[in-house]
Amino acid sequence: MSTVTPPRVVRHRRIEAPAPDVWAVLGRLTRHAALVPLTTVDAPDRELRVGDRVTAVTAEVVVDRMVVTAVRRRGEDPTADDWARWATLHKEGPLLVGDAHLVVRARGRHACEVLWAEDVRTTIAGAALEPFVDVALAIMSDRALARLDGLVARA
């Protein structure tokens, strides 16, 4: 039996907004520039699709190249708890490699749970840098989820 290892960084937040409204922001990667400070995003300006290539640049220094490898949809009734959207992005470097997951799951008509998970490694400095990268990704994810919450609350 194989063992599944959970992502290294998993952050989540309950957002008091309809799940489709939240996915409309989270699932359109160009909107991530509003979620992650000092970041620009080059991606198709629409809901993400498998095969989309994405480049995010933070602080004009950190380049993050990704490809969307999976987009899953469950349920059509956005008020039902089985409504969910899930995307997986594979990070190709040059600094981070691995996978990121974005999940939105309805919790009734006006609320949802959002999960942002990162299972990545650095291409430099080996294992010594990994704990610092994990902390930085946790802080980034928490801030992005808080900004997402504020963004959809104002809509």
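These are my notebook entries on pockets, strand pairing and a few single residues in a predicted model.

**Entry 1: the largest pocket**

I started with the empty space. Rolling a probe the size of a water molecule over the atoms shows where such space is left. The largest pocket came out at a volume of about 670 Å³. I then pulled its lining, which has 28 residues. Val36, Thr58, Asp64, Leu137 and Met140 are the ones nearest the centre of this pocket.

Which elements give two or more residues to that lining? I got strand 2 (39-42), strand 3 (53-58), strand 4 (62-74), strand 5 (84-94), strand 6 (96-106), strand 7 (112-122) and helix 2 (130-154). Helix 2 gives the most, with 6 residues. I also sorted the lining of the largest pocket by class: 20 residues are nonpolar, 4 are polar and 4 are charged.

**Entry 2: the second largest pocket**

Next on my list was the second largest pocket, with a volume of about 150 Å³. I noted its lining as Arg72, Arg73, Arg74, Ala84, Arg85, Trp86, Val103, Arg105, Arg107 and Glu113. Strand 4, strand 5 and strand 6 each give two or more residues to it. How does this lining divide by class? I have 7 charged, 3 nonpolar and no polar residues.

**Entry 3: strand pairing**

I went through the pairings around strand 6 and strand 7. Strand 5 and strand 6 run antiparallel and are joined by 9 bridges. The hairpin between strand 5 and strand 6 passes through 1 residue. For a reference pair here I took Lys91, which stands opposite Gly98 in strand 6.

Strand 6 also pairs with strand 7, again in the antiparallel sense, over 11 bridges. I wrote down two pairs to check on screen: Ala100 faces Glu118 in strand 7, and Leu102 stands opposite Trp116 in strand 7. The hairpin of strand 6 and strand 7 has 5 residues between the strands, and Gly108 in it takes a positive phi near 90°.

I asked myself whether strand 6 is mostly covered or uncovered. It is mostly covered, since 8 of its 11 residues are buried, that is, under 20% relative accessible area.

Strand 7 has another partner to log. Strand 1 (residues 9-15) runs antiparallel to strand 7, and 7 bridges join them. In that pairing I marked Arg13 opposite Val114 in strand 7.

**Entry 4: backbone oddities**

I scanned the backbone next. Most residues other than glycine have a negative phi, and most peptide bonds are trans. So I listed the exceptions I came across.

- Leu38 has a positive phi near 60° and is not a glycine. I find Leu38 in the loop between helix 1 (19-26) and strand 2. Leu38 counts as exposed because its relative accessibility is 68%, past the 50% cut-off.
- Glu60 also shows a positive phi, about 60°, without being a glycine. The loop between strand 3 and strand 4 holds Glu60. With 78% relative accessibility, Glu60 counts as exposed too.
- Gly93 and Pro94 are joined by a cis peptide bond, with omega about 10°. Pro94 sits in strand 5.

**Entry 5: Asp52**

I picked Asp52 for a closer look. This residue is found in the loop between strand 2 and strand 3. Is Asp52 buried or exposed? Its relative accessibility is 8%, so Asp52 counts as buried. I looked for polar partners and found the backbone nitrogen of Arg49 at 2.8 Å from a polar atom of the Asp52 side chain. Leaving out residues up to four places away in sequence, Asp52 touches Pro44, Arg46, Glu47, Met66, Val67 and Val68.

**Entry 6: Val135**

Last, I looked up Val135, which lies in helix 2. Val135 has a relative accessible area of 48%, so I have it down as partly exposed; that class runs from 20% to 50%. I also took one distance from Val135. How far apart are the C-alpha atoms of Val135 and Thr55? They are separated by 22 Å, with the two residues 80 residues apart along the chain.

Conventions
Residues are numbered from 1 along each chain as its sequence is written. This is a predicted model: local features need pLDDT of at least 70, side-chain atom pairs count only at pLDDT 80 or more; totals for chains, interfaces and linings use all residues. Side-chain values use heavy atoms; hydrogens and water are left out. On a 1 Å grid over the protein atoms alone, a cavity is a set of points where a 1.4 Å probe fits but cannot get out, and a pocket is an open set with protein on both sides within 12 Å along at least five of seven lines; lining residues have an atom within 4 Å of a point. Grid points are joined across faces, edges and corners, and a volume is the space filled by probe spheres set on the points. Helices (H or I, at least four residues) and strands (E, at least two) are DSSP runs, numbered from the N terminus. Ala, Val, Leu, Ile, Met, Phe, Trp, Tyr, Cys and Pro count as nonpolar, Asp, Glu, Lys and Arg as charged, and the others, Gly among them, as polar. Buried means under 20% relative accessible area, exposed over 50%, partly exposed in between (1.4 Å probe, protein chains only). A polar contact is a pair of N or O atoms within 3.5 Å; within protein, one must be able to donate a hydrogen and the other to accept it, and residues adjacent in sequence count only if both atoms are side-chain atoms. Contact means heavy atoms within 4.5 Å. Two strands pair if DSSP finds at least two bridges between them.
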